[in-house]
Amino acid sequence: MDRPVLARTRSELTDLLAPARRQGQRVGFVPTMGALHAGHASLMRVAREHVGAGPVVVSVFVNPMQFAPGEDLARYPRTLPDDLEVCAGAGVDIVFAPTVDEVYPGGEPQVTVEPGPLASILEGRSRPTHFRGVLIVVAKLFGLVRPDVAVFGQKDFQQLTLIRRMAADLCLGVEVVGAETEREPDGLALSSRNRYLDAEQRVEALTLSRALRAAQEAATYGVGPALDAARAQLRTTETVDVDYLVVTTPELGDLPSDPPAGTEARILLAARVGTTRLIDNMRLVLGTTAHRGDLPCSAP
């Protein structure tokens, strides 16, 4: 198992990618904030599938611009040695782990990315500056890596939707791929924040995926029954504090009042378990029993 090459500066990254560019190879990219786990590794493997023998680059950068005052920037885990091992296991070629000054020379940029109205709903209601910071750093990293393909997880579905929109609206020339959410065998979506859960909270956190799975099963009867089924699951515990639970179009728009059978939708959920805020989502197909869900096993 070959270890990836570590680049700390822009110039090192450019030099490492130069041979691939001369040979016309495709470059794959997976942006992360570190604290890597099997879910991140699955994104790296998807990137490899898209670029073949071309280099796969993973960035490890805890981006201060997407954290509001009082959020967990200082608490966010920094585990670069372990991250390098995860990348090695997934066949990554280059890990770009810059400092804040390397990404933001001279401080916060004066020219930024305006995320638009989609950033004001769902996560944006409780974190109004979050997606501005996300899009700025992703745009900067796209400029530094210049990937052909960038892979993001579907667990952060609003983020994925906004990045796709940015890439299209600004003609960035990057194919943005959304990879399926990786889950534990019991259904819990993999997340770097799961490490903050104690044993009891870990059990309570399963309510999120159970609620979404219940909504998938009830979606054959429409949006209302899907939401009711999810809420019924969430009421089984008093320790999960729900922020939002919504059903939208796959583009996070409003569904028609009476969507026809077979309409694809997305159910999105955010909640606190203890002090840890978790998000999850799943695909729905309304008015049909054809879809059997995203989970590898049936939730109890």
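Contact here means heavy atoms within 4.5 Å. With that in hand, let's work through some exercises on this predicted model. Local features need pLDDT of at least 70, side-chain atom pairs count only at pLDDT 80 or more, and totals for chains, interfaces and linings use all residues. Residues are numbered from 1 along each chain as its sequence is written, and side-chain values use heavy atoms, with hydrogens and water left out.

**Exercise 1. Find what S191 touches, and state where S191 sits.**

Step 1. Leave out residues up to four places away in sequence; S191 then touches H37 and K155.
Step 2. Place the residue: S191 is in the loop between strand 6 (175–179) and helix 8 (199–218). Helices (H or I, at least four residues) and strands (E, at least two) are DSSP runs, numbered from the N terminus.
Step 3. Is S191 buried or exposed? Buried means under 20% relative accessible area, exposed over 50%, and partly exposed in between (1.4 Å probe, protein chains only). S191 has a relative accessible area of 16%, so this residue is buried.

**Exercise 2. Describe the surroundings of M166.**

Step 1. M166 belongs to helix 7 (residues 157–169).
Step 2. With a relative accessibility of 4%, M166 counts as buried.
Step 3. Set aside neighbours within four places in sequence, and the contacts of M166 are V113, L135, V138, A139, C171 and L172.
Step 4. For a sense of scale, take E217, which is 51 residues from M166 along the chain: their C-alpha atoms are separated by 33 Å.

**Exercise 3. Work out how strand 2 fits among its neighbours.**

Step 1. Start with burial. Strand 2 (residues 28–32) has 5 of its 5 residues buried. G28, V30 and T32 lie on one side, F29 and P31 on the other, and both faces are covered.
Step 2. Look for partners. Two strands pair if DSSP finds at least two bridges between them. Strand 2 runs parallel to strand 3 (residues 56–60), joined by 5 bridges; here F29 has V57 as its bridge partner.
Step 3. Turn to strand 5 (residues 149–153), which pairs with strand 2 in the parallel sense over 2 bridges. G28 stands opposite V149 there.
Step 4. Add the helix. Together with helix 2 (residues 38–51), strands 2 and 3 make a right-handed β-α-β unit. Right-handed means that, with the strands pointing away from the viewer, the path from the first strand over the helix to the second runs clockwise.

**Exercise 4. Count the aromatic pairs and examine two of them.**

Step 1. Set the rule. Rings of Phe, Tyr and Trp (its six-membered ring) pair if their centres lie within 6.5 Å; planes under 30 degrees apart count as stacked, over 60 as edge-to-face and the rest as tilted. The count comes to 4 aromatic pairs.
Step 2. One of them is F67 with Y76, edge-to-face at 6.2 Å centre to centre and 75° between the planes. Both F67 and Y76 are buried.
Step 3. Another is F142 with F152, also edge-to-face, at 6.5 Å centre to centre and 65° between the planes. This pair links distant parts of the chain: F142 is in helix 6 (residues 130–145) and F152 in strand 5, 10 residues apart.
Step 4. Check burial: F142 has a relative accessible area of 5% and is therefore buried, and F152 counts as buried at 4%.
Step 5. Bring strand 2 back in: F29, F142 and F152 form one aromatic cluster.

**Exercise 5. Which leucines have a positive phi, and where are they?**

Step 1. Recall the background: most residues other than glycine have a negative phi.
Step 2. L122 has a positive phi of about 50°. L122 is in the loop between helix 4 (100–103) and helix 5 (123–126), and is buried at 5% relative accessible area.
Step 3. L252 has a positive phi near 70°. L252 lies in the loop between strand 7 (240–248) and strand 8 (263–273), and is buried at 7% relative accessible area.

**Exercise 6. Summarise the whole chain.**

Step 1. The secondary structure comes to 9 helices and 9 strands.
Step 2. Of the 300 residues, 52% count as buried.
Step 3. Among contacts between residues at least 6 apart in sequence, 73% join residues at least 24 apart.
Step 4. Finish with the dimensions: along the principal axes, the C-alpha atoms fill a box of roughly 55 × 40 × 40 Å.
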